[in-house]
Amino acid sequence: MSESARAKIKKVVDELGGEIESGEDALRVFGRLDALASAILSYTSPKAKKITRATPLPEVLRRVAKTQGSAQGKLLKRAARKAKTLLAIAEEVSYGELDPEDVSRAEEARSELCDDLYAWIEGCADDK
Amino acid sequence: MTNRLPVRFDSFDRVIQRMLKDCDEIVLFGSQSLRQGRRDSDWDVLCVGDIPPYPIKSGSRRVRWHSHMFSLDLVWTSRSELRSSNWLGSELAGHVAKYGSWLRGEGDWRTRTKVSSHAILAKRRRVEVRIDFQRAYASGLLEPYLVKHVTLLRRDIQRLSYLQNGLPVPVTPYLDSEWREHLDRDAICRVANSLGCDLEKAVFGNLEDTVSNYRKG
């Protein structure tokens, strides 16, 4: 993957920050996870411009994982699980359910998702 | 739009009656209750009772529940809350009062709903988040993601327009047909403009640019 592609994906990952403490925070998370899914598809799938569905991030990560080597694939599969957790909590919060435990679980999932994606992006630099 | 009971196939009715046996009121609302939903759309159900039904976890008010035949989006509220200004002024109460189909109970509260300033403010904040998202990300999104988020923005602006006019918000398919048929489009765009958003450009401009980039690509 080119350096500029990695920089673009990394920028979206950087912007995933922020706690989910309100319905508006949850909306931001939905949007940013979609932006991330779109960016990853753009730079990893040769058929990105032909996709017809806004595939959720966990599914995108699982799909891209299949095209990667073992270590990189593992990172993406783990990131997919974290993204799924984050989406589920964001959905609850968007319904107006604000459980302090969920807020910290979401923060943990977000932080681990970012770590896995940073590691994956780093790994992409080595895939020449 | 008229309120029409959906076809109550046996399993739906059986599940609802069993799951919500302790509830005083059961109301179908949303697109399925008006037969405007897709086949796979959730069935939106409001239930009123002293305690939440079993699929809703303690401290919660809402749950998505799936069977192999249908999905429920179940919302619970307590009888005492029905009298609160918080409930009566909410977007959901206004919608259910106007478009809901009562399967159990009378819904004597439904004549007392009135859109609150809190509901308008909450919707306005959602719209602002969506506008910020458009500004930050729209130009880089693949077309399906752009279409999805522009549509969500447009619908929330339409909902805000209804609330600002003190009206209950109709179901999503109605909002979509209203937009397609240009009903009140100027008024909707004015609401968007008041929030610094050129909605027609967001809907048509960005999409046209993206589609044209797709063709070039």
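This note sets out numbered points on the predicted model, with emphasis on chain B and its contact with chain A.

1. Basis. The model is predicted, and local features need pLDDT of at least 70, side-chain atom pairs count only at pLDDT 80 or more, and totals for chains, interfaces and linings use all residues. Residues are numbered from 1 along each chain as its sequence is written, while chains are lettered from A and ligands numbered from 1 in the order in which they are written.

2. Composition of chain B. Chain B contains 8 helices and 5 strands; these elements are DSSP runs numbered from the N terminus, with helices being H or I of at least four residues and strands being E of at least two. Along the sequence their order is α-β-β-β-β-α-α-β-α-α-α-α-α. Of the 217 residues in chain B, 35% are buried. A residue counts as buried if 20 or more other C-beta atoms lie within 10 Å of its own, as exposed if 12 or fewer do, and as partly exposed in between, with C-beta atoms placed from the backbone.

3. Contacts within chain B. Two residues are in contact if their C-beta atoms, placed from the backbone, lie within 7 Å. Among the contacts in chain B with a separation of 6 or more, 69% join residues 24 or more positions apart.

4. Domains of chain B. Chain B is divided into domain 1 (10-112) and domain 2 (117-216), the bounds coming from an automatic or database domain assignment. Their C-alpha centres lie 27 Å apart. At the boundary, 12 residues of domain 1 of chain B are in contact with 11 residues of domain 2 of chain B. The domain 1 side of this contact has 3 nonpolar, 7 polar and 2 charged residues. In this classification Ala, Val, Leu, Ile, Met, Phe, Trp, Tyr, Cys and Pro are nonpolar, Asp, Glu, Lys and Arg are charged, and the others, Gly among them, are polar.

5. Interface between the chains. The interface comprises 19 residues of chain A in contact with 19 residues of chain B. On the chain A side, 8 residues are nonpolar, 4 polar and 7 charged.

6. Helix pair across the interface. Helix α2 (residues 23-44) of chain A and helix α4 (residues 117-137) of chain B have axes that come within 9 Å and cross at roughly 25°. Axes are lines fitted to C-alpha atoms, for helices over the stretch in contact, and angles run from 0 to 180 degrees between N-to-C directions. α2(A) and α4(B) are therefore roughly parallel to each other; angles under 35 degrees count as roughly parallel, over 145 as roughly antiparallel, 65 to 115 as roughly perpendicular and the rest as oblique. The crossing is right-handed; that is, the near helix is turned clockwise from the far one by less than a right angle, whereas an anticlockwise turn is left-handed. E24(A), L27(A), R28(A), G31(A) and A35(A) meet R125(B), R126(B), V129(B), R130(B), F133(B) and Y137(B). These residues divide into 5 nonpolar, 1 polar and 5 charged.

7. Helices α4 and α5 of chain B. The axes of α4(B) and α5(B) are 9 Å apart, and the helices pack at an angle of about 155°. The two helices are therefore roughly antiparallel to each other. Their crossing is left-handed. The residues of α4(B) in this contact include I120(B), V127(B) and I131(B), and those of α5(B) include L152(B), L153(B) and L160(B). By class, the contact has 10 nonpolar, 3 polar and 6 charged residues.

8. Helices α5 and α6 of chain B. Helix α5 (residues 143-164) of chain B and α6(B) have axes that come within 10 Å and cross at roughly 95°, which makes α5(B) roughly perpendicular to α6(B). R154(B), R155(B) and Q158(B) meet T172(B), L175(B), E178(B) and W179(B). This contact has 2 nonpolar, 2 polar and 3 charged residues.

9. Backbone points to check. Most residues other than glycine have a negative phi. H182(B), not a glycine, has a positive phi of about 65°, and D184(B), also not a glycine, has a positive phi of about 55°. H182(B) lies in the loop between α6 (172-180) and α7 (185-194) of chain B, and D184(B) is found in the loop between α6 and α7 of chain B. H182(B) is exposed, with 9 other C-beta atoms within 10 Å, whereas D184(B) is partly exposed, with 16.
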